[in-house]
Amino acid sequence: MEFLDIVQLLDTSIRLGTPLLFACLAGLFSERSGVVDIGLEGKMLIAAFFSAAAAFYTGNAWLGLLAGIAASMVLAVIHGLASITFRGNQLISGVAINFLAAGMTVLVAQSWFKQGGRTPPLTGNGRFGNVELPFAIGPTEAEAAGRPLSQMIGEAGPIQQLYSELISGHSILVYLGVLAVVATWWILFRTRFGLRLRAVGENPAAVDTAGVSVIQLRYAAVLICGVLCGLAGAYMATSLQAGFVKDMTAGRGFIALAALIFAKWRPVYAMWACLLFGFFQALETRPDLIEAVIGMKVQIQLLGALPYILTVVILAGFIGKAIPPKASAEPYIKER
Amino acid sequence: MTAPAIELKGISKAFGPVQANKDISISVQPGTIHGIIGENGAGKSTLMSILYGFYKADAGEIFIKGQKTQIPDSQHAIKAGIGMVFQHFKLVENFTVLENIILGAEDGAMLTTSLGKARKELKHLADEYGLNVDPDAVIENLSVGHQQRVEILKALYRKAEILILDEPTGVLTPAEADQLFRILDRLREEGKTIILITHKLREIMDTTDTVSVMRRGEMTATVKTSETSPEELAELMVGRKVLLRVDKVPATPGKTVLDVKGLRVVDEKGVERVKGIDLTVRAGEILGIAGVAGNGQSELLEVLGGFADGTGVITMNGTEIPLTGQGADGRARRDAGISHVPEDRQREGLIMEYSAWENTVFGYHRDKDHQSGILMDNAGIQAEAQEKMDRFDVRPPNPKLAAKNFSGGNQQKIVLAREIERNPDLLLIGQPTRGVDIGAIEFIHQQVVNLRDQGKAILLVSVELDEIMSLSDRIAVMFDGHIMGERDPAQTNERELGLLMAGITDTSAVTNGASEEALNDG
């Protein structure tokens, strides 16, 4: 295995880790406010569909992103109504949202596009292109030199390889994901809103008696969760892939929840956790590397199951004590 | 005369069919400590919750400093200069003191400026009122007394002129309570108005200027504290004459029932909580264990009750009982003739969601007479529960009601009914009247004394010194896992016991007649 192989593996980890990261941060906002959201998956899925559909009709990935976010926020509001306003069971509301999204996306896709529950493939500006950072070797350079890109990168020095493969050449949403980590940290620990958000997930009565509305705070958190899930889904459909296919999120919303627990509800840890889970998913794409390292062929199906198996293993054995926000999953009822 | 700090006129509030407050009017003078006393469920907390914007009154008006004021939510209450210290603190436990204080009263959207300003202000408040707390300490690492100070500081930081304290001493040790009252005095000197809600007569007599009495949702009287007596207040609260002292004849102790030698208990954190104590309890006597909470009394009860491990030798009626492993559980203890009324009745004494009749049989549900074939004899248990509840005057006498729907005193009566009716040789009883109404206290104390008079041995643990002194036939004082000394209640006083509770064994200045052997452990 060469240096470049590792770089490529990490590059894929970042690509695959990004939807997890958005979803994980989404869950972080929601759960920090005391609203458990197992509907991340459903929100991602519906955002993936509507972003792909909108991008297909308009030919503009940005409009697709907005449509995805809007769709995700609609589900977020439903979850908010059920769990905040009507103080329902948050798990049940989340499950319902997942079912709703899984069924509705395929149904609407079939009705609109008649391609077996998928959207037509996105091309051109319907997808987010890859950002080429200055001084990186990208497709433009390859075209100018008239040589294959992979060959040019293969010949470059390790630092250039690292820069061109790993840092440069991602969708703009990947960079936005990293920015979202920093922003989440800053909001959570440096702003008044963050203080109140953390407080309302620990002890809503303290927030209420301090004269701050528990309901408003929780809705704010749930809406932010909707925006981030929208980003996660839109990234899946318009960046990572070119269009929507049935159940394309494939449990990523749940892996993001696992990453959230693994990260102990902290934003920077969340980024590392999502990269780790992204790495597990990246392994599936490179059976040749695995064979080279362990010296035997591993069945592709086993590799496909690997991220899920490792999720269970990590949650069961490696995280130590993860203490969720104290008021998680508890509707707030005033009492003295 | 200045306008009253608070004036309530004709406040009424009903929860469904329950009229929690009936046409209540009260006037609180500025710069005074005004006590509101009443039994649990008398409507004190409801009234204060209305004042703090937690509930909306069905009828009535609120005047603050002579101005008619609407208080639809807590924010308006804070603006009107009202601060509230709830019985159960409203603090975020994993936040620092400073973060808790600024929560909801931040300056601007950025935390750094708010925290900086609060730090200065906190220092100022600490100097002015003697409220010292480390601003960077995390709440969950603070003692209950300090947590309460944070609540007071929160109110003062919000410029509260009127401070309401709801049962503030319920969770405090006597020493912490004394400190609290010194702070309240200081606040009064600075012109703050304080409303103290409590059901403890002594606190009212010691600290307040004026006292209002509530009973069943109504304000029955408002009197100057200097012109009333505990007996009069108790009668106003309960609606009948109440015996404040326990009526009992001298004990006639028989043979030794429980004998503890060299008991040591290490808690789950590896800290030794009981450090080698010796004690005996004889038939027909009450041994009272006094001490500030957290000095090993709870662990002592837990080991005796069979839900914690210990080392040492404990004999019960002459037979050694195991302290670890098999046979060291509640069931074995009950078989050995030990009944246990645990300190925390809501966690260890009852299952709150279960009905009263189910709760009257827990621990004894395997008894033959509760079985009917392979099934439980539920009808029989229910009938028996009804009898027990009548005998123990549990109100309401409805065995089908869930335990959580009874008041503290009535919950305790359910536990007592279960444990006493089993006719144990030894009764372990922890904090028998914590959070219990004055009327029920009288009843519970009488039951314990009756049991003693039937020749049973009783080990009483309580942080209420009054209770220890009036019930016990002998008093042992625990401090830091040791028994500091044993005293005859007739020959000791609160000062001497207070010194022992603080770990000071040289009490010759205040009394005589200490039992020498018991001092060796200190």
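These numbered notes walk through a predicted model with chains A and B.

1. **Domains of chain B.** The assignment splits chain B into domain 1 (6–238), domain 2 (256–337 + 424–491) and domain 3 (350–423). Domain 2 is thus given as two segments. The C-alpha centres of domain 1 and domain 3 of chain B are 37 Å apart.

2. **The four-strand sheet.** Chain B has an open sheet with the order β2-β1-β4-β5. Its pairing is antiparallel. The edges are β2 (18–28) and β5 (67–69) of chain B. Each has a single partner strand, so one side of each lacks a neighbour in the sheet. From one strand to the next, the twist averages 30 degrees.

3. **Inside that sheet.** Strand β4 (residues 59–64) of chain B runs antiparallel to β5(B), and three bridges join them. To find one of the pairings, start at F63(B): its bridge partner in β5(B) is K68(B). Helix α1 (residues 44–51) of chain B lies across β1 (6–15), β2 and β4 of that chain. The helix runs at about 115 degrees to β1(B).

4. **A hairpin.** Strands β11 (residues 256–266) and β12 (residues 272–282) of chain B pair in the antiparallel sense. Eight bridges connect them. L263(B) is set opposite I277(B) of β12(B). Five residues lie between the two strands of the hairpin. There, G270(B) has a positive phi near 85 degrees.

5. **The six-strand sheet.** A second open sheet of chain B follows the order β16-β19-β20-β13-β21-β22. Here the pairing is mixed. At the edges stand β16 (338–341) and β22 (482–487) of chain B. Each of these has a single partner strand, so one side is left without a neighbour in the sheet. Direction ignored, neighbouring strands are turned by 20 degrees against each other on average.

6. **A parallel pair and two helices.** Within chain B, β19 (residues 426–430) and β20 (residues 457–461) pair in the parallel sense over five bridges. G430(B) stands opposite V461(B) in β20(B). Helix α9 (residues 297–305) of chain B lies across β13 (286–290), β16, β19, β20 and β21 (474–479) of chain B. This helix runs at about 145 degrees to β19(B). Helix α14 (residues 408–420) of chain B lies across β16 and β19 of chain B. Its direction is at about 180 degrees to β16(B).

7. **Where the chains meet.** In this interface, 28 residues of chain B are in contact with 24 residues of chain A. The area buried between the two chains is about 2,300 Å². Carbon and sulfur atoms give 59% of that area. Three salt bridges are found across the interface. E106(B) and R196(A) meet through their side chains in a salt bridge, at 2.5 Å from N to O.

8. **A covered helix in chain A.** R196(A) also belongs to the buried part of α9(A), as do L195(A) and L197(A). Helix α9 (residues 192–202) of chain A has nine of its 11 residues buried. What covers them includes α1 (3–32), α8 (172–190), α10 (204–209) and α11 (214–240) of chain A. Chain B contributes α3 (97–102) and α4 (111–129) to that cover.

9. **A buried threonine.** T193(B) is in strand β8 (residues 193–198) of chain B. Is T193(B) buried or exposed? T193(B) counts as buried because its relative accessibility is 3%, and the cut-off is under 20%. Among the residues that T193(B) touches are A5(B), V28(B), P30(B), E161(B) and L163(B).

10. **Backbone points to check.** Most residues other than glycine have a negative phi, and most peptide bonds are trans. The bond from R395(B) to P396(B) is cis, with omega near -5 degrees. P396(B) lies in the loop between α13 (378–391) and α14 of chain B. D393(B) is found in the loop between α13 and α14 too. D393(B) is not a glycine, yet its phi is positive, about 55 degrees. D393(B) is partly exposed, at 30% relative accessible area. In chain A, D247(A) has a positive phi near 50 degrees. D247(A) sits in the loop between α11 and α12 (252–262) of chain A, and is partly exposed at 39% relative accessibility.

Key
Residues numbered from 1 in each chain as written. Chains lettered and ligands numbered in written order. Predicted model: local features only at pLDDT ≥ 70, side-chain atom pairs only at ≥ 80, totals over all residues. Heavy atoms only, no water. Pairing = 2+ DSSP bridges. Axes fitted to C-alpha atoms, helices over the stretch in contact; angles between N-to-C directions. Contact = heavy atoms within 4.5 Å. Domains from an automatic or database assignment. Buried area = accessible area lost by both parts, 1.4 Å probe. Salt bridge = Lys/Arg side-chain N within 4 Å of Asp/Glu carboxyl O. Buried < 20%, exposed > 50% of the residue type's maximum accessible area, 1.4 Å probe, protein only. Lists of a residue's contacts leave out its neighbours within four places in sequence.
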